[in-house]
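Biologist: Please show the sequence and the structure, and then let us go through them by question and answer.

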Amino acid sequence: MAIAIKVNGTDRTVDVDGDTPLLWVLRDVLGMTGTKFGCGMALCGACTVHIDGIATRSCITPIDSIGRSAITTIEAIGTTPAGAKIQKAWVDREVPQCGYCQSGQIMSAAALLASNPNPTDADIDDAMSGNICRCGTYLRIREAIKQATQSAAQGGRQ
Amino acid sequence: MIPDRLSSRVARAFATRPTNDLSRRRFLQAGAAAGGGLMLSLSLPFANSDVEAADGFAPNAFIRIERDDQIVLTMPYVEMGQGTYTSIPMLIAEELEVDLNQVRLEHAPPNAKLYGNPLLGGIQATGNSNAVRASWQPLRQAGATARTMLVAAAAKRWKVDPASCRAQAGEVLHARTGRRVKYGDLAADAARLPVPQNVTLKRPQDLKLIGTPAKRLDTPAKVNGTAVYGIDARPPGVKIATLAQSPVFGGRVKRVDDTAAKAVKGVRQIVRLDDAVAVVADHMGAAKKGLAALVIEWDDGPHAKLSTDDVAAELEKATLNSGAVAQNIGNVSEAMARAARKVEAIYQVPFLAHATMEPMNCTVHVRKDGCEIWIGSQAMPRVQAAAAKAAGLPLDKVVVHNHLIGGGFGRRLEADGAARAVEIAKQVDGPVKVVWTREEDIQHDMYRPYWFDRMSAGLDEKGKPVAWNHRYAGSSVLGRWAPPFFKDGLDPDTTEGAIDLVYALPNMHVEYLRVEPPGIPTAFWRSVGPSHNVFVTESFMDELAAAAKQDPVAYRLALLDKSPRAKAVLELAAQKAGWGQPLPERVGRGVSLQFVFASYMAHVAEVEVAKDGAVRVRRVVCAVDCGTAVNPDTIQAQIQSAVVFGITAALHGDITLKNGRVEQANFDTYQMLRINEAPAVEVHIVRNFEPPGGMGEAGTSAIVPAVFNAIFAATGKRLRKPPVDPAALKQA
């Protein structure tokens, strides 16, 4: 069955079962490997993408549930204001170590920043505790989100 | 991560020559590179002497200075998050006088003879926290040698005294005449000059790059999705496979009904092996769906009834007998007999999985005349050898492409996954990427061993330890991984952290019994031997302080007069942590001190124990003396990382067997520390110019006893087996 989706602004058609998780369509069918596989059960957040701006675990999202909603992945998150600020903060704060989980971390953080320009520590915990980092970069993730928040706040005032 | 450390006996055995007495001729050669540049070939010191004897000169690292000014370093080490792709180029850039961005890295192909890590006895692997330790002297010398040759080439061209020229930012300058020339223009001339016999390395006060927080070179690709890990390899036409392996180690496939699996859209093939079944499909979604549709009947084999309790009981029994003596100082039995007081305790540490965020995977294309592999590996020659064996091909017909590693922690020192992938790929036409589900990854890991320890000590009337007795049993990972390291019943990894303690103990006796558990494979796991030994020794030291009714920091300090660097980090950590300042009820501070991986480290953990027994680590203060701090930002990052890794083990880590099966499967049953549980971690680095120590693992072994000691301080309850059992800490 041909299924039409919209990924990073581009229309794509894929021929897979409707219950196929979006993760595998992205990685194996479309060859977009920036989105990562970690657990397959929405327990680790490595596969996080945005669907209409909402952070979503692609490993449990059936492809036929998405319809015409806009899918945004790590490959294009830098084109959004929040995504660009988060990526810059990640580089400035030297967040990644092995880096494998960081696509998902950045997608979760970008969704947080876009919906909440001034998150508290508790807001950060809520938004980010679904993303596991085995290298333990949590401290720097928190610092980087705060840095991005500040730059967002400054941008807002200008 | 693995074997020895610089100071261990085995490493010393390999250290046939001191670094400052290198035969320059054998250590470094220079010549023209293809394309007209300057090529330096290095033989890292301590290299396996047999190889040297056979070949005369056996280089294991290469630096090319190309005509376009690029500096290309061929590296025997892999990046897995530890920052090695930044810290190693810093060593060359510093002495060569080039910008760090000018140095480009290339993965070394698998060739143990050429790329063997000297501290691992010539085994090409990234582990044991030793990339910087092994490279520190030779790469700086190589940089200085190349710089000297480039300066000489410029001086010759200008017909001036080399002493009147200097190197700066990738150029040679002649101050008096204002002439300057780029390295790339000099490389071909320099290649024809003799290699200087004596080059001077920079004095510590002249270092410009080493000791600064240089930006990591691999970060940009890791924030935009372009970094390529083994699991991202996509050779043209690749199919995706996933697998079910016998849930009991040593079991076999009895019967498979694959009718339903074959009917799944996108499923191409079912591959049956003796002890596993794989589903090959167009994409992982179809492969997983196919796998779920398989009906597999297993023959569980000899370990069908095995449980963790059986393993622990066997180890406990083993420790009733004496083992190989790892260290003996003075006379423990006499001292024990004279002691005013005796303290005894039994400790155990559980099996642990690696749970790297990138699940095990390996992409293979088996052809009639060769085999091609795409993988992220800490030990490339092992992958090549395992693949060649599984494919039935000679070694030189196996090509391995290495990739970034999405978490190693010792897991990717093993080649079991590559062998398995080749077995599957042999039955598949074209390339196939075999991806383990998280459940397979956790249930078919090779685990940090279970160890069982008996401790006893004698205290004098003032509470000072006059006798220290430690006997333990468990797996020797190194004995399997590199058998020559296992000698006289001992190996340097299993004993690290149990012997050569920083404390002055007049009578000390340490014995080890190698007991390999049945039905569960063991392997290196971040900080390996010390992950066990430091937990035991530092917990027990705390018990002695408590028995002596003394402050745990003061008690340790009194034993450190002969270890000034250890004493300094302990004092620094205690001071920065506010040791001794009052804390609320059920909040406590715990301390630990260690010298492992050639680095000194003290942690103070501040822990809060809720009424229901739940433990939260609020704050960790670390003081570290790792000699020269090559990249302080990486050191801070590695300690932050290692602390989270260790707390995960302290609070959650437990792999258990029931009916031969690993009971944990995914991140719901094998939990990781998350951001809301992560403590603040402060790192204080002692600055000096001693040779660098290892940094990737030390923080992990040190944190677990600090947390357990803090729990004791908060509750008065002494836990002797990780992970923390909240039920034992419930307030009545």
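Modeller: Helices and strands are DSSP runs, helices of at least four residues and strands of at least two, numbered from the N terminus. The model is predicted.

Biologist: In which strand of chain B is Arg64(B) found?

Modeller: With elements numbered from the N terminus, the strand is looked up by its residue range. Residues 61-65 of chain B include Arg64(B), and they form strand β3.

Biologist: Is Arg64(B) buried or exposed?

Modeller: Beyond its near neighbours in sequence, Arg64(B) touches Ala33(B), Gly37(B), Met39(B) and Val72(B). A residue is buried if 20 or more other C-beta atoms lie within 10 Å of its own. Because Arg64(B) has 20 such atoms within 10 Å, it is classed as buried.

Biologist: How far apart in space are Arg64(B) and Lys265(B)?

Modeller: In sequence, Arg64(B) and Lys265(B) are 201 residues apart. From C-alpha to C-alpha, their separation in space is 51 Å.

Biologist: What radius of gyration does chain B have, and how does it compare with the globule rule?

Modeller: Chain B contains 22 helices and 28 strands. For its 732 residues the globule rule gives 27 Å, and the computed value is close to this, so chain B is as compact as a globular protein of that length. Along its principal axes the C-alpha trace spans about 85 × 75 × 45 Å. The radius of gyration of chain B is 27 Å.

Biologist: What share of the residues of chain B count as buried?

Modeller: Among contacts in chain B with a separation of 6 or more, 77% join residues 24 or more positions apart. Of the 732 residues in the chain, the buried share is 58%.

Biologist: Which helix supplies the largest share of the largest nonpolar core?

Modeller: This core has 275 residues, and those with the most contacts inside it include Leu150(B), Val279(B) and Ile373(B). Val279(B) touches, among others, Ala241(B), Val267(B), Ile270(B) and Leu294(B). Twelve residues of the largest core come from residues 131-158 of chain B, which form helix α6.

Biologist: What is the end-to-end span of helix α21 of chain B?

Modeller: Helix α21(B) is mostly covered, with 18 of its 20 residues buried. At 1.5 Å a residue its expected span is 28 Å, and the model agrees because the end C-alpha atoms of α21(B) are separated by 28 Å.

Biologist: Which helix gives the most to the side of chain A that touches chain B?

Modeller: The interface brings 47 residues of chain A into contact with 48 residues of chain B. Helices α1, α2, α3, α4 and α5 of chain A each supply at least two residues to that side. By class, the side has 24 nonpolar, 16 polar and seven charged residues. With four residues, the helix that gives the most is α5(A).

Biologist: How many of the 14 residues of α3(A) are buried?

Modeller: Helix α3(A) reaches 20 Å from its first C-alpha to its last, close to the 20 Å expected. Its buried residues include Gln102(A), Ile106(A), Met107(A) and Leu113(A). In total, the number buried is twelve.

Biologist: Over which residues of chain B does the pLDDT stay under 50, and what is the ipTM of the complex?

Modeller: Chain B averages a pLDDT of 90, and 90% of the residues score at least 70. The pLDDT stays under 50 over residues 1-25, for which the model has 61 contacts beyond four places in sequence. It is also below 50 over residues 45-56 of chain B. For the complex, the predictor gives a pTM of 0.91 and an ipTM of 0.97.

How values were computed: Residues numbered from 1 in each chain as written. Chains lettered and ligands numbered in written order. Predicted model: local features only at pLDDT ≥ 70, side-chain atom pairs only at ≥ 80, totals over all residues. Contact = placed C-beta atoms within 7 Å. Nonpolar A, V, L, I, M, F, W, Y, C, P; charged D, E, K, R; others polar. Core = buried A, V, L, I, M, F, W, Y, C linked by C-beta atoms within 7 Å. Expected span 1.5 Å × (residues − 1). pLDDT = per-residue confidence, 0-100. Rg over C-alpha atoms; globule rule 2.2 N^0.38 Å.
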